[in-house]
Amino acid sequence: MSSPNSHSKPDLDETINVTEAHGRVTSESAACEREKRLADSGRESVPLWVITACGVVLLIAGGVLGNAGTLLSYDSTFRKDYVRGLAPGGAETGPEAKIALVAFSAKGSKIYSAKCNGCHGSDGKGDGVNYPSLAGSSFVIEENQKFAMIILNGIQGPISNGKTYGAGIMPAQGAGMTPEDLAGVMTYVRNSFGNSTGDVVSVEMAKNAIDLSASREKAGQSVTADEIRSAHSTKLPGEEMLPDTMVNPANLTLVK
Amino acid sequence: MSSEVSQNLEQDAVLRASIDRSLRHPVMFFLTSGAAWLAVSIILGMISSAKVHSPDFLDSCGWLTYGRTQAAHINALIYGWGFQAAFGVIIWLLSRLSRQECRAAGLILAAGHVWNLGVFVGILGILAGFGTGMPWMEFPSFCWPVMLLSYFAIMVWSLVQFKVRPEGHVYISQWYLMAAMIWFPWVFITANVLLHVIPGNPVMAAGINAWYKSSLLFLFFTPVALGTAFYLVPKVSGRPIHSYSLAQLGFWSLAVIMPWAGMQKLTGAPIPYFLPYLGATATILFFIPALTAAVSILRTAIADPEIASHSPTLRFTMAGIVGLVVMAVAAVFLNIPGKTLELSQFSMSGYGFEILALYGFFSFVMFGAIYFIVPRITRREWLSRRLIKWHFFLSTYGVSLIALVAIFGGLQQGIGQEAFDQPWSEASQRAFPYAVLITFIWFFIMLSNIFFFMHLTVMWLRLGRRSTHPTLLVSDHHGSPHGEDGDIDNAGSMTASAH
């Protein structure tokens with residue numbers, strides 16, 4: 001389509017602007033040319049390869065759906081055997097290992113809450129009248145056999161500072177205490193409330209303490225300050241455990 | 001040519017011109033502001049991708065952390081660009097297909113501003129830290145009723161036009177577009193009410209969220225793009241749809257299969273366990289509606305290879321449909337439980353698939369539609385075929401690379417994540433090179449869309465070429481390939497009101 005006025009001017013009245021009218025015809029035919037009119041729809045059949053490809057995908061999808069268990073069963077929320085097995089070469093390693101001082105103290109703090117808290121208080125300071133403070137007590141922080149004997153048998157009469165508190169007796173706490181419990185609570189008290197011996201009472205030491213306590217001359221009676229000083233001023237026998245050894249926090253055994 | 005036919009043609013042209021004129025302002029508003037949001041989204045995407053491999057980048061800026069920019073990126077892409085492009089294209093196509101002028105352009109334009117305000121407040125809310133943390137629904141929860149109302153105000157007029165259309169055949173594009181218009185409010189209301197208004201079990205909430213994402217892709221963006229392609233390709237090539245029965249099979253399989261998809265993202269979560277498997281099955285079956293639609297569209301388009309390569313509309317639309325085929329193959333490949341589903345569940349692969357769907361398929365068809373619609377409603381031709389070519393090549397190579405790199409990089413990352421006795425950082429290290437590449441490629445896509453946005457803005461300002469010849473992508477020419485320039489607006493009093 002060339003310039004609007006070059007040829008074939010329409011034969012029209014003079015009142016009509018020929019340039020304008022022809023321009024309109026040009027633009028409309030251009031617009032019409034751009035709008036394609038389609039009367040019919042294609043009637044080609046579906047190609048075979050499309051049917052085949054869709055069939056393959058249907059098979060894959062069917063396989064996936066076949067694994068879906070009972071359809072519309074809203075009660076089964078886990079697939080059987082869904083939980084993954086161990087990795088090849090992986091073994092059950094139990095809970096994460098912790099250093100001994102932390103693990104023993106954590107165990108001991110539970111025992112303390114159950115057995116000691118009532119009298120000595122959650123801050124270990126007692127009340128100064130009926131119950132003595134555990135902080136800085138020499139029987140607590142000196143050789144660990146002294147502390148073990150008091151916990152297991154109780155104590156009567158004056159204590160390490162020569163004073164007598166309340167009725168003058170602490171009942172025995174040893175009943176039902178396992179070596180792990182005793183080791184934990186001793187480690188906890190010796191490293192809390194301002195005490196900081198920095199060492200761990202091992203489970204083996206605690207076991208020996210229970211044996212020693214049972215073989216005392218006056219087994220079954222409370223100890224006295226004199227007996228502590230004369231018979232138990234030594235360290236508990238048994239292998240020591242360094243405070244930074246890695247142990248299993250559940251059963252306080254060594255982690256290799 | 002008899003005078004009756006020529007009179008019909010003229011009436012036809014007048015009707016088309018009046019439809020185009022009635023929709024000029026709302027359509028141009030949706031397309032241009034959509035393109036602006038696309039640019040914003042890509043910049044946010046670059047920042048969030050950079051954070052994957054260089055966490056120190058912009059680390060002094062609290063509102064540009066990964067969790068916020070990634071969410072803002074994908075939400076700007078969906079609600080800022082995707083929906084607005086869809087609005088512009090749907091209202092124009094349905095007016096043309098129902099042969100009705102739009103009588104509510106002012107209201108649609110106003111509702112479009114409200115929608116934009118909703119998106120703007122939502123993005124600011126995400127960046128300020130008020131996001132909800134639900135993928136694709138991160139906008140603060142007060143946004144959704146506003147967006148829903150403006151959606152109805154924009155879309156209801158097309159339903160009215162359909163109702164009062166001249167009697168006759170309902171074309172496949174109308175099926176797709178009307179279905180998308182009705183499915184979206186169903187999906188949007190269901191998800192938002194169940195998550196924001198009457199929240200239930202939080203595990204099931206994650207499942208509803210995954211279904212929402214999948215439904216938005218397969219029940220809104222897919223039918224909108226397919227309906228558009230089924231209109232554009234026969235219009236430009238001048239040939240009827242290759243196989244209309246195949247096209248109908250595509251529509252009905254999409255309608256029946258896709259609402260089931262989505263929950264495969266929760267495989268292994270404590271929800272009724274047939275749901276993830278059903279979701280995986282439906283997503284794999286997306287191959288059937290996708291392939292049938294793609295075959296009938298592509299066969300129509302390549303019937304005339306010259307038109308297919310010269311027309312910007314056809315080129316973009318065909319690239320988008322090729323993107324759909326790749327997406328359909330990826331849907332099969334990425335969703336096989338026990339093999340690839342675990343690897344794509346928590347890795348970059350999911351993102352790669354989403355970008356492939358939103359950009360490689362949907363956006364390309366929208367670009368094709370924009371290159372078709374804008375000259376008709378502005379009565380100006382595109383200024384520069386070079387800008388169109390750059391837009392096409394940078395976008396095509398860019399999105400192919402991003403999809404490829406993110407999907408395969410994500411599988412590598414997934415293998416790292418599955419090795420659960422190894423430190424998590426090893427999974428990140430596996431993803432590192434792919435993340436660097438993605439940032440780099442986003443840069444080129446951003447460049448291509450800056451060209452596009454500039455070009456579109458120039459058209460909006462009616463600074464396009466005044467010509468009766470469309471801008472085609474031909475290069476071997478002497479002088480202008482578009483023929484002589486003429487001023488189509490000087491065509492007399494009949495078109496003077498187009499100003």
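A residue is called buried here if 20 or more other C-beta atoms lie within 10 Å of its own, exposed if 12 or fewer, and partly exposed in between, with C-beta atoms placed from the backbone. By that count, 57% of the 499 residues in chain B are buried.

The model is predicted, so a few ground rules apply: local features need pLDDT of at least 70, side-chain atom pairs count only at pLDDT 80 or more, and totals for chains, interfaces and linings use all residues. Residues are numbered from 1 along each chain as its sequence is written, while chains are lettered from A and ligands numbered from 1 in the order in which they are written.

**View 1. Chain B is built from 17 helices and zero strands.** Helices (H or I, at least four residues) and strands (E, at least two) are DSSP runs, numbered from the N terminus. Along its principal axes, the C-alpha trace of chain B spans about 80 × 45 × 40 Å. The radius of gyration of chain B is 23 Å, which agrees with the value near 23 Å for a compact globule of 499 residues. That radius is taken over C-alpha atoms, and the globule rule is 2.2 Å times the number of residues to the power 0.38. Two residues are in contact if their C-beta atoms, placed from the backbone, lie within 7 Å. Take the contacts in chain B between residues at least 6 apart in sequence: 82% of them join residues at least 24 apart.

**View 2. Chain A mixes nine helices with five strands.** Going along the sequence, the pattern of chain A reads α-α-β-α-α-α-α-β-β-α-α-β-α-β. Buried residues account for 27% of the 256 residues of chain A. Of the contacts in chain A with a separation of 6 or more, 68% come from residues 24 or more positions apart.

**View 3. Helix 2 of chain A packs with helix 10 of chain B.** Two packed helices are described by the angle between their axes and the distance between the axes. Here helix 2 (residues 48-66) of chain A and helix 10 (residues 287-301) of chain B sit at an angle of about 165°, with axes 10 Å apart. That makes the two helices roughly antiparallel. Axes are lines fitted to C-alpha atoms, for helices over the stretch in contact, and angles run from 0 to 180 degrees between N-to-C directions. Angles under 35 degrees count as roughly parallel, over 145 as roughly antiparallel, 65 to 115 as roughly perpendicular and the rest as oblique. The crossing of helix 2 of chain A past helix 10 of chain B is right-handed; a crossing is right-handed if the near helix is turned clockwise from the far one by less than a right angle, and left-handed if anticlockwise. On the chain A side, V50(A), A53(A), C54(A) and V57(A) meet F287(B), I288(B), L291(B), T292(B) and V295(B) of helix 10. Sorted by class, this contact of helix 2 of chain A with helix 10 of chain B has eight nonpolar, one polar and no charged residues. Ala, Val, Leu, Ile, Met, Phe, Trp, Tyr, Cys and Pro count as nonpolar, Asp, Glu, Lys and Arg as charged, and the others, Gly among them, as polar.

**View 4. Helix 2 of chain A also crosses helix 9 of chain B.** The axes of helix 2 of chain A and helix 9 (residues 274-285) of chain B come within 8 Å and cross at roughly 175°. These two helices are therefore roughly antiparallel to each other. Helix 2 of chain A brings V57(A), I60(A), A61(A), V64(A) and L65(A) to the contact, and helix 9 of chain B brings Y277(B), L278(B), A280(B), T281(B), I284(B) and L285(B). The split for helix 2 of chain A with helix 9 of chain B is ten nonpolar, one polar and no charged.

**View 5. I154(B) is a buried residue of chain B.** I154(B) belongs to helix 5 (residues 143-163) of chain B and has 27 other C-beta atoms within 10 Å. Leaving out residues up to four places away in sequence, I154(B) touches F87(B), I108(B), A111(B) and G112(B). P26(B) is 128 residues from I154(B) in sequence, but 9.4 Å away in space, C-alpha to C-alpha.

**View 6. R462(B) has a positive phi, near 60°, without being a glycine.** R462(B) is in the loop between helix 16 (424-460) and helix 17 (493-496) of chain B. With 15 C-beta neighbours inside 10 Å, R462(B) counts as partly exposed. Its contacts, neighbours within four places in sequence aside, are T378(B) and R380(B).
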